[in-house]
Structures are given as C-alpha cells and as structure tokens.
Amino acid sequence: MKRIYVIRHCEAQGQSSNAPLTEKGHEQAMRLADFFHAYKIDRIISSPFLRAIQSIELLSKTTNKKIEIDERLSERILSTDNLPDWYEKLKLTFTNLDLKYEGGESSQEAMDRIKNVVKEVAERGTEHTVIVSHGNLISLLLKSYQSDVDFMFWQRLSNPDVYQISYIHNEAVIERIWDAQ
C-alpha cells in the first residue's frame with residue numbers, strides 16, 4: 001500500500017520564500033522527526049521555500065534520505081498586487097476555484113499543480129513518500145479529494161500538520177495523523 005505523508009511546514013518568521021523557522025518552529029521540526037521515527041520513509045520532496053526545507057531537514061538526516069526540491073510545491077501566489085483585503089479574497093477562491101487575481105494563480109491552477117506531484121509520486125515505485133508544502137496548497141490538494149474542504153478548514157490547519165494519503169485498491173483515503181496542537 002502506497003502512503004504519501006503531506007506535511008505543512010513548521011512555524012516560520014514570515015511568508016517570504018526565505019523566511020526561516022522560529023525557535024518554536026525548530027522545536028516542532030524536532031518533534032516531527034521524532035514522530036516519523038517509527039515510519040518507513042523512502043523519499044522526501046519539499047517546496048523550495050526555506051521554512052519547508054528546515055521543517056524536514058532533521059527527518060532527512062535521521063532517515064538518510066536526500067530532500068528533493070520541487071518548485072510545484074511552492075506556496076500559491078494569490079496576487080502580485082498588495083491586497084489589503086487578501087483574507088477575504090482568499091476566502092472567495094475556495095468557492096470559485098477559477099477566480100484569479102492580478103499576477104496570481106487560481107485555486108484550480110494551484111490544485112492541479114500539487115495534484116500532479118502527488119500523481120507522479122503515486123505512480124512511482126516508492127511506497128512511503130513525504131511531501132512538505134504550504135497551508136493553502138495543501139488545503140487545495142485535500143479539497144481535490146474531499147469537496148467539503150473549505151476556507152475554514154484552511155484556517156484550522158496547524159504548523160506543522162500532517163495528513164496521510166493511502167492508496168487502497170487505487171482509491172485515495174485521507175487521514176490527519178498529526179498536528180501541532
């Protein structure tokens with residue numbers, strides 16, 4: 001049975017691509033590595049954002065698995081414009097998947113991007129793969145499997161958060177297996 005562990009990064013000092021983890025985020029990364037100690041891991045794939053890489057570095061070292069960087073796991077760009085009401089605009093994109101703001105990508109485009117990564121992983125020979133990404137993108141991935149995933153679901157995600165996608169007879173089963181709360 002194939003298992004894909006989808007991890008939202010640990011607490012970070014900001015939203016930029018080079019924002020590092022906070023002190024608490026580093027502690028969370030240690031707890032995350034401890035959590036996965038009992039799991040078999042064949043492969044680790046991460047967003048290129050520093051906070052995602054730092055979230056999984058310790059697990060990479062303890063499992064002796066190289067972190068593969070995949071640009072498609074980067075956080076979604078809502079818009080290149082400064083949106084003072086970005087929160088409300090983001091909320092709208094959960095009900096209108098094709099809504100797109102200046103310089104950004106729609107929910108559907110972001111969903112397709114991460115789904116392609118997961119599809120490639122599922123079709124590959126490895127059985128236990130870790131994917132590290134960002135809250136909005138992970139919410140959209142889960143929404144592609146469960147239509148009831150919405151804006152409130154995104155709001156409730158923790159840093160970090162771990163979901164397991166298991167493929168049983170080619171059907172995906174989603175389960176939250178760990179969160180920082």
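This section describes the overall fold, the buried helical positions, the salt bridges and a surface patch of a predicted model.

The protein chain contains 6 helices and 6 strands. In sequence order these elements follow the pattern β-α-β-α-β-α-α-β-α-α-β-β. The radius of gyration is 16 Å, close to the 16 Å given by the globule rule for 181 residues, so the chain is as compact as a globular protein of that length. Along the principal axes, the C-alpha atoms occupy a box of roughly 45 × 40 × 25 Å. Of the 181 residues, 50% are buried. The accessible surface of the chain amounts to about 9300 Å², and carbon and sulfur atoms account for 47% of that surface. Among contacts between residues at least 6 apart in sequence, 64% join residues at least 24 apart.

Helix 5 spans residues 135-145, and 9 of its 11 residues are buried, so this helix is largely enclosed by the rest of the structure. The buried positions in helix 5 are G135, N136, L137, I138, S139, L140, L141, L142 and K143.

Helix 1 covers residues 23-35 and includes Q28. With a relative accessible area of 2%, Q28 is buried, because the limit for a buried residue is under 20%. When neighbours within four places in sequence are set aside, the contacts of Q28 are C10, E11, N159, P160, W178 and A180. K24 is also found in helix 1. In contrast to a buried position, K24 is partly exposed, at a relative accessible area of 45%. The C-alpha atoms of K24 and E11 are 6.7 Å apart in space, while the two residues are 13 residues apart in sequence. E11 thus appears again here, having been listed among the contacts of Q28.

A further buried position is found in helix 2, which runs over residues 50-63 and contains S55. The relative accessibility of S55 is 2%, and this residue therefore counts as buried. The side chain of S55 reaches the backbone oxygen of R51 at a distance of 2.6 Å. With residues up to four places away in sequence not counted, S55 touches H9, C10, L21, A29 and L32. C10 is listed for S55 and also for Q28.

The structure holds 10 salt bridges. Side chains of opposite charge can pair when their charged atoms come close. One of the salt bridges joins R72 and E120, with the closest N and O atoms 2.9 Å apart. R72 lies in the loop between strand 3 (67-69) and helix 3 (86-93), whereas E120 lies in helix 4 (residues 107-123), so the pair ties together parts that are 48 residues apart in sequence. R72 is partly exposed, with a relative accessible area of 25%. E120 also counts as partly exposed, at 43% relative accessibility. Both residues belong to a network of salt bridges that links D70, R72 and E120.

Another salt bridge is formed by the side chains of E109 and K100, at 3.0 Å from N to O. E109 has a relative accessibility of 36% and counts as partly exposed. Its partner K100 is partly exposed as well, with a relative accessible area of 46%. In the salt bridge between E105 and R113, the closest N and O atoms are 2.4 Å apart. E105 and R113 are both buried.

On the surface, M1, I168 and V173 form a nonpolar patch, and together these residues have about 240 Å² of accessible area. I168 is located in strand 5, which comprises residues 161-168. At 38% relative accessibility, I168 counts as partly exposed.

Methods: Residues are numbered from 1 along each chain as its sequence is written. This is a predicted model: local features need pLDDT of at least 70, side-chain atom pairs count only at pLDDT 80 or more; totals for chains, interfaces and linings use all residues. Side-chain values use heavy atoms; hydrogens and water are left out. Helices (H or I, at least four residues) and strands (E, at least two) are DSSP runs, numbered from the N terminus. Buried means under 20% relative accessible area, exposed over 50%, partly exposed in between (1.4 Å probe, protein chains only). A polar contact is a pair of N or O atoms within 3.5 Å; within protein, one must be able to donate a hydrogen and the other to accept it, and residues adjacent in sequence count only if both atoms are side-chain atoms. Contact means heavy atoms within 4.5 Å. Patches are made of residues with over 30% relative accessible area and no salt bridge: like charges are joined within 9 Å, nonpolar side chains (Val, Leu, Ile, Met, Phe, Trp, Tyr) within 5 Å. Accessible areas come from the Shrake-Rupley method with a 1.4 Å probe; for residues, only the protein chains shown count as cover. A salt bridge is a side-chain nitrogen of Lys or Arg within 4 Å of a carboxyl oxygen of Asp or Glu. The radius of gyration is taken over C-alpha atoms; the globule rule is 2.2 Å times the number of residues to the power 0.38.
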